[in-house]
Structure formats: C-alpha cells, structure tokens
Amino acid sequence: MPLFSRIQLYILKECLTGLALVLGILLLAILMIDVVEQLRTVGGDVSLSILGALRLSLMKLPQIVEQTLPFALLVASMMAFTRLNRRSELSIIRASGISAWRFLTPVMGLGLVMGLFTMMVLNPFAARLTESFEMTRDRLLNEGRPTLSVSDTGIWLRQGDETNQIVIHAKRVEEGGVNLQDVKMIQEERMYSNGRPTNDFAFARRIDADRAILRDGFWQLEGVVENIPNQPTERKANLAIPTTLDASTLLDKFASPNTIGFWDLPHFVRQTQAAGLDASRYKMQLSALLALPALFVAMALIGAVVCLRLQRMGGNSQLLAIGSLAAVGLYFFTQFSSSLGATGAAPPIVAAWSPPLFVLFCTLTYIAYKEDG
C-alpha cells in the first residue's frame with residue numbers, strides 16, 4: 001500500500017514546487033543584500049573585493065536558509081493551496097469524499113521531514129560554515145583580539161596585540177568566568193628582522209599560577225611560578241598581567257551557539273558545565289533544534305488552513321492576512337521565549353517547545369472545529 005495516494009502526492013508536488021520557488025527568490029535577494037552589507041561593514045575597515053564579500057556571504061548562506069526555511073514553508077503552503085482553491089481542485093477533492101485531514105497530511109509530512117532535515121543535516125552544516133565565517137571575519141577585522149574556547153581539558157583563552165600573544169589555560173573557572181583556577185600562561189613575543197616586525201613569534205616566558213582573577217585592565221595572579229629562558233625559576237606571591245578583557249565581555253568571547261552543530265551540542269553542554277561556565281544558551285539552542293519539527297509543522301499548517309475557504313465565499317484576503325500575522329507572532333513569541341531560556345529565566349525545554357506546540361494545537365483545534373464540526 002503506497003504511503004500517499006495520488007491526490008496526496010499531487011498536493012505534495014504543489015507544495016515542493018512552491019517551496020523551491022520561494023527559497024530561490026528569498027535566497028537570491030538575501031545574498032545580494034548581504035554581499036553589499038559585507039562590502040559596507042568589512043570592506044569599510046579593510047580591503048575587501050567583491051569576490052571576498054561573496055565568499056563571506058556564501059558562508060552565511062546555509063544559516064540564512066535555516067532561519068528562513070519555516071517562513072518559506074509557510075508561503076509555499078499558502079501558494080500551493082491558493083492555486084488548488086482558485087482552480088476549484090479543493091472543491092473536487094472535497095466532493096470526492098476526501099477529508100481535510102487526508103489532504104493536509106502531505107503538508108504536515110513535509111513540515112515534519114523538513115524540520116528533521118534542518119535539525120540533523122542542515123544545522124550541523126550551517127554551524128560549520130558559520131564558524132568559518134566568524135573566524136574569517138574576525139581575522140580580517142579583529143586580528144589579535146581575545147578568543148575563548150572550551151575543551152575536555154578546561155578553558156583555553158588567547159589574548160594579545162601586535163607585539164605579543166598570550167595563551168592561557170585554566171582547568172576550571174569560578175564566579176562566572178572571571179576567576180580562573182590552576183592557570184598556565186604561555187607568552188610569545190613578535191620577532192623583528194632589521195628593525196621590522198615579522199609574522200613569527202618567539203617563546204618569551206611561561207607562568208604557572210594557582211589562581212588568576214580578572215581585574216580592571218589586568219589579570220591578578222596568585223601563587224606564581226615564572227619561567228624565562230636562560231634565567232632561574234622565580235616564585236612570586238602575586239603578579240599582574242595586562243589584558244583588554246573585562247568581566248562584562250569575557251563570556252561574549254565564548255563560542256556562539258550558532259557555530260555548534262546539533263550533534264556536537266550535548267557534548268559541548270557537558271564541557272561547558274564541567275568548566276564552570278553558564279550553559280543556558282547552549283541548552284536553549286539544543287532544545288530549540290529539537291522543537292524544529294513541531295515549528296515546521298505548525299508553520300505549514302497555518303499556511304494551508306488560511307487557504308481552505310472556498311473562493312466564492314470571499315474573505316480569503318483577510319484569512320491570508322490573519323495567517324501571516326499568526327506566523328509573525330509565532331516567530332516573535334519564539335524569539336522572546338528563546339531569550340528567556342538562554343538567560344536561565346525559564347527552563348530551556350519549556351521555552352523551546354511552548355510556542356510551536358501552542359500554535360500547532362490551536363491550528364489542529366481550528367481544523368477539527370471547521371471540518372468535523
């Protein structure tokens with residue numbers, strides 16, 4: 001027995017055609033705008049060619065697809081069912097005894113499949129390219145600025161300027177990341193040739209400390225052991241190391257949730273928690289990705305439901321406007337709820353699943369009321 005009937009396959013084909021058309025138009029327009037934006041922002045500070053701007057924009061393209069796909073599915077669903085309605089095909093389908101639940105099944109199935117595809121395939125691919133985009137952009141704009149990452153061995157932090165670079169490792173952190181425990185610092189200084197700076201750095205010193213506390217403009221080290229080449233080891237109670245970091249921006253140097261793929265997020269959350277950092281926004285990202293199938297199904301159903309009213313009965317424009325407003329409201333409600341989950345004000349699971357499930361159940365209730373009485 002086939003999974004879909006011929007009529008259901010026909011409706012699915014209409015939806016896929018609309019989805020391809022909408023995505024093509026949206027991505028082409030967004031890509032053109034983003035190339036201009038890269039030329040304006042990055043090109044305003046450094047020399048950037050059109051091909052370089054296009055390369056940066058193409059790195060962002062998968063993430064743009066991920067973000068616009070729910071709305072593309074909504075518009076595609078509206079387009080498909082509007083065409084079916086105008087050609088009186090919906091009336092024929094209803095007259096043949098097929099219920100709304102059956103001819104809406106392809107839309108729900110498409111939303112479910114697209115949500116799973118986005119979560120498990122598109123998101124990891126987009127995260128990898130987004131990480132490459134941010135690294136490339138930061139290398140162009142912020143060479144020498146501090147970076148922060150987490151691994152199984154603890155926290156790794158890099159800071160420096162044009163003359164020296166310092167790599168900092170800490171086994172754990174406290175007080176939201178401004179108090180590093182069991183710290184090792186490796187300092188390298190830029191090498192010069194004939195009085196001119198080169199791209200090479202040479203080892204300058206290694207510093208081991210029991211603790212490093214981030215103060216205003218410097219790291220305050222305690223229990224210090226300093227090793228400088230060709231000099232005896234020196235022990236100090238305290239030592240100050242200049243830094244451009246401050247407590248309010250330290251965690252902002254941490255990896256963006258958009259650069260971590262779905263399959264890597266659970267392990268990354270465990271690493272972040274083990275390092276003593278707040279993992280709320282990564283938990284929120286994971287929960288939001290898990291809720292994508294429900295969001296996609298809700299978007300697809302909204303687009304279909306507002307186009308089920310027969311053309312001769314009128315009022316279709318109002319229903320389309322209501323559906324569009326509902327979709328926009330769902331988007332802003334989801335963003336607001338995600339902000340609550342990322343800051344720890346609400347449990348990530350509740351913040352991620354509440355908006356799409358609420359809209360999905362409301363839509364299903366509306367269909368049951370209108371179609372089944």
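In this predicted model, Glu226 and Arg205 are both buried. They also pair up: a salt bridge joins Glu226 to Arg205, with the closest N and O atoms 2.6 Å apart. Arg205 sits in strand E5 (residues 196-214) and Glu226 in strand E6 (residues 218-227), so this contact ties together parts of the chain that are 21 residues apart in sequence.

Glu226 has another partner. Lys236 forms a salt bridge with Glu226 too, and here the closest N and O atoms are 2.9 Å apart. Since Lys236 belongs to strand E7 (residues 234-242) and Glu226 to strand E6, the pair ties together parts that are ten residues apart in sequence. How buried or exposed are the two ends of this bridge? Lys236 has a relative accessible area of 27%, so it counts as partly exposed. Glu226, at 5%, falls under the 20% cut-off and is therefore buried.

Turning to the charged pairs more broadly, the structure holds eleven salt bridges. One of them brings together the side chains of Lys171 and Asp182, at 3.5 Å from N to O. This pair links distant parts of the chain, with Lys171 in strand E3 (residues 164-174) and Asp182 in strand E4 (residues 179-193), eleven residues apart. Both ends get some exposure: Lys171 is partly exposed at 47% relative accessibility, and Asp182 is partly exposed as well, with a relative accessible area of 26%. Elsewhere, salt bridges link Glu14, Arg83, Arg87 and Glu89 into a network.

What about disulfides? The count comes to zero, as no pair of cysteine sulfur atoms lies within the 2.5 Å that a disulfide requires. As for individual cysteines, Cys15 is buried, with 3% relative accessibility, while Cys362 is partly exposed at 39%.

The helices come next. Helix H7 covers residues 292-305, which makes 14 residues. From its first C-alpha to its last, H7 reaches 20 Å, close to the 20 Å expected at 1.5 Å a residue. Why can H7 be called largely enclosed by the rest of the structure? The reason is that 14 of its 14 residues are buried.

Helix H4 (residues 100-141) contains Val121, and Thr130 lies in H4 as well. Val121 is partly exposed, with a relative accessible area of 47%. Together with Leu112, Leu116, Phe117, Met120 and Trp263, Val121 makes a nonpolar surface patch of about 550 Å². An α-helix has 3.6 residues a turn, so residues three or four places apart point the same way. Thr130, on the other hand, is buried, with a relative accessible area of 3%. A polar atom of the Thr130 side chain lies 2.7 Å from the backbone oxygen of Ala126.

Another threonine, Thr334, is found in helix H8 (residues 316-342). With 15% relative accessibility, Thr334 counts as buried. Its C-alpha is separated by 7.9 Å from that of Ala351, a residue 17 positions away along the chain.

Technical notes
Residues are numbered from 1 along each chain as its sequence is written. This is a predicted model: local features need pLDDT of at least 70, side-chain atom pairs count only at pLDDT 80 or more; totals for chains, interfaces and linings use all residues. Side-chain values use heavy atoms; hydrogens and water are left out. Helices (H or I, at least four residues) and strands (E, at least two) are DSSP runs, numbered from the N terminus. The expected span of a helix is 1.5 Å times one less than its number of residues. Buried means under 20% relative accessible area, exposed over 50%, partly exposed in between (1.4 Å probe, protein chains only). Patches are made of residues with over 30% relative accessible area and no salt bridge: like charges are joined within 9 Å, nonpolar side chains (Val, Leu, Ile, Met, Phe, Trp, Tyr) within 5 Å. Accessible areas come from the Shrake-Rupley method with a 1.4 Å probe; for residues, only the protein chains shown count as cover. A salt bridge is a side-chain nitrogen of Lys or Arg within 4 Å of a carboxyl oxygen of Asp or Glu. A polar contact is a pair of N or O atoms within 3.5 Å; within protein, one must be able to donate a hydrogen and the other to accept it, and residues adjacent in sequence count only if both atoms are side-chain atoms.
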